[in-house]
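Q: Please take a close look at a single buried helix in this model, and describe how it is covered and what surrounds it. I would then like the account to be carried outward to other helices, to the charged pairs and to the surface.

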Amino acid sequence: YYLLFISQHTRFIVSKRSIWVLMETINFLFDGFSVAFTVQNITLALIGCFLGTVFGALPGLGPANGVAILIPISFSLGLDAASSMILLTSVYYGAMYGGRISSILINIPGDEPALMTTLDGYPMTLKGRAGEALTLTGIASFFGAIVATIGLMILAPQLVKIALLFGPAEYFALFVMAFATLGGVSSNNKAKTILASALGLAISTIGVDGQTGVPRLSFGNVHFYDGIDFLVVIVGMFAVSEIFIFIENKEIDAKTEKKSVIINKIIPKFKTIIKTFPAMVRGSLLGFFAGILPGAGASLGSFIAYTFEKKVSNKDDTFGKGDERGVAAPEAGNNAAAGGALVPMLSLGVPGSGTTAVLLAMLMTMNITPGPLLFKNNPDVVWGLIAALFFANFILLILNIPMVRMFTRILLLPPKYLMPIVAMISFVGIYGISGSSFDLLLMIFFGLFGWLLRKLNIPLVPVIMGSILGNLMETNLRRAMTISDGNWMYLFESNLAIIIWLITIVGFVLPLIFGKKITEQIEKFKKNKSKI
């Protein structure tokens, strides 16, 4: 306010600067559309949106598994970085859309972010309004994703300007913050999260130390000297472990009968859309800011959006009984959070969710390091991706309304036909990347390891993040120690580093204080769904 009232000249400068930034962003976006609007990339976006919706609709797969399964395919096709990211992020957004289908129709969330949609979505199905619920969630998902993409376009370049001030000490503090805040306030068990992170960091240290030339944790096996490719870890822990889960539960799946749901009316009344619009706006904003927090992800976004909307709008005690706002708010929230999670990944190199951790691994495999220099060195990748997200959202809106009946039939696909396809893609893809049969054995090992961790309720995402960020974290720590001649206080000297450390402490302590209540609520919702 002080600046605004200094003089007319100052107001002109502020206004001119804002206009210049806006025009620069629009120019970059037009450059991105020139990258995204090629025949190849449009085709990849279409395929990615369709497959992502399928992965999201099938309970148990979800966006992280979908992206992990398609990474080997993108390498096999020889796609460049921009095209690969367009394909994989289209799968990501599509899976966030598709997760609502099984939540509404059969009361089984396609993934954890879709859990809140079951609370009012399935009661709408019982009332004969399944088609309207699916259309409403499609519109809400579109709105939330568009808000997030606009936020990504505006916020990520501004974060980059701040990130250019980062040195080794600040980057090390940032990586510590990513691990400390992992899981957000909905984390079930901080001790298990820390254990999983430590396992991931241990995996990242395997191989010959680049500074001393000493083999670490190689056990005398020359195959480990180059380290473990994190794509092997990702595909093993997500895709292959899902196969082992299926093998374990195949008898239960064989006894489970899947009944098709009759969908009558698809298009809701106009006044219903108007009624739910404020819920979409509130859910989108809350979800986007939840997604920006490292480790929080779409689950927290959908939970906050639903609980806030329930407090604001549940005057007639209609929530949980088929209220349209209880469907629109969490869907807008989880899709906005999905887009928000891309902000820290692209601008700081720190993934905001499990799926963005997989996307980060994809970029690093192509020798592209997300962070401040990404916007300068690879603008085609960033702005092509942002432009493709706008296009993909319109594709998903078009797909998800007329093709609702077709996507519901996908739920009838037995896992015994689906899992062999997942296995084939995983094995052929990884062998096509490395050409090493040892990597296939390693992938099976990580599949079994992931299955064991899931049985123990230990999260997989911290393991993946540790294996990806471990080398960068170690490199920045060593650089900081070299610059300071071994003085550990160098890590806390700059104001920026102190701010990050304070955020780290708050982000770690707050979940211990407030997270228990939220976790209890989420577990209560899960138990209610399992009983039904």
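A: Two residues are said to touch, or to be in contact, when heavy atoms of theirs lie within 4.5 Å of each other. The model is a predicted one, and the part chosen for the close look is helix α15, which runs over residues 354–365.

The geometry of α15 comes first. Its twelve residues should span 16 Å at 1.5 Å a residue, and because the C-alpha atoms at its two ends are 17 Å apart, the length found agrees with the length expected. Just after α15 comes N367, which takes a positive phi of about 60°.

How α15 is covered is the next point. Eleven of the twelve residues of α15 are buried, so the helix is mostly covered. The buried set consists of G354, T355, T356, A357, V358, L359, L360, A361, M362, L363 and M364. The cover over these residues of α15 includes several other helices, namely α3 (62–76), α4 (81–105), α9 (230–248), α14 (342–348), α17 (379–400) and α21 (461–483).

Within α15, M364 can be followed in detail. M364 has a relative accessible area of 18%, and because buried means under 20%, M364 counts as buried. Leaving aside residues up to four places away in sequence, M364 touches F230, P370, I468 and L472. M364 and A81 are 283 residues apart in sequence, yet their C-alpha atoms are 9.9 Å apart in space.

This picture can be set against the chain as a whole. The protein chain holds 22 helices and two strands, and 56% of its 532 residues are buried. When contacts between residues at least 6 apart in sequence are considered, 80% of them join residues at least 24 apart.

Two threonines in other helices give further views of buried positions. T137 belongs to helix α6 (residues 130–163) and is buried, with a relative accessible area of 0%. The side chain of T137 reaches the backbone oxygen of L134 at 2.8 Å, and, with residues up to four places away in sequence not counted, T137 touches R100, I104, T117, V327 and E331. T272, in helix α11 (residues 270–292), counts as buried at 8% relative accessibility; its contacts, again without residues up to four places away in sequence, are R129, L136 and E324.

Helix α20 (residues 437–455) offers another case for the length of a helix: its 19 residues reach 27 Å from the first C-alpha to the last, close to the 27 Å expected at 1.5 Å a residue. The buried residues of α20 are F438, D439, L440, L442, M443, F446, G447, F449, G450 and L453. After α20 comes N457, with a positive phi near 60°.

The charged pairs lead back to α21, one of the helices that cover α15. Five salt bridges are found in a search of the whole structure. In one of them the side chains of E474 and R216 meet at 2.8 Å, N to O. Because E474 lies in helix α21 and R216 in strand β2 (residues 215–216), this pair ties together parts that are 258 residues apart in sequence. E474 also meets R478 in a salt bridge, at 3.7 Å, N to O; E474 and R478 both lie in helix α21, four residues apart, which is about one turn of the helix. R216, E474 and R478 are thereby linked in a network of salt bridges. The members of this network are partly exposed, with relative accessible areas of 22% for E474, 23% for R216 and 28% for R478. The salt bridge between the side chains of D323 and R325, at 2.9 Å, N to O, by contrast joins residues that are both buried.

Last comes the surface. The accessible surface of the protein chain comes to about 23,500 Å², and 68% of this belongs to carbon and sulfur atoms. A nonpolar surface patch of about 530 Å² is made by M489, F492, I498, L502, I505 and V509. Among these residues, I498 lies in helix α22 (residues 495–531) and is partly exposed, with a relative accessible area of 35%.

Notes. Residues are numbered from 1 along each chain as its sequence is written. This is a predicted model: local features need pLDDT of at least 70, side-chain atom pairs count only at pLDDT 80 or more; totals for chains, interfaces and linings use all residues. Side-chain values use heavy atoms; hydrogens and water are left out. Patches are made of residues with over 30% relative accessible area and no salt bridge: like charges are joined within 9 Å, nonpolar side chains (Val, Leu, Ile, Met, Phe, Trp, Tyr) within 5 Å. Accessible areas come from the Shrake-Rupley method with a 1.4 Å probe; for residues, only the protein chains shown count as cover. A salt bridge is a side-chain nitrogen of Lys or Arg within 4 Å of a carboxyl oxygen of Asp or Glu. Buried means under 20% relative accessible area, exposed over 50%, partly exposed in between (1.4 Å probe, protein chains only). The expected span of a helix is 1.5 Å times one less than its number of residues. A polar contact is a pair of N or O atoms within 3.5 Å; within protein, one must be able to donate a hydrogen and the other to accept it, and residues adjacent in sequence count only if both atoms are side-chain atoms.
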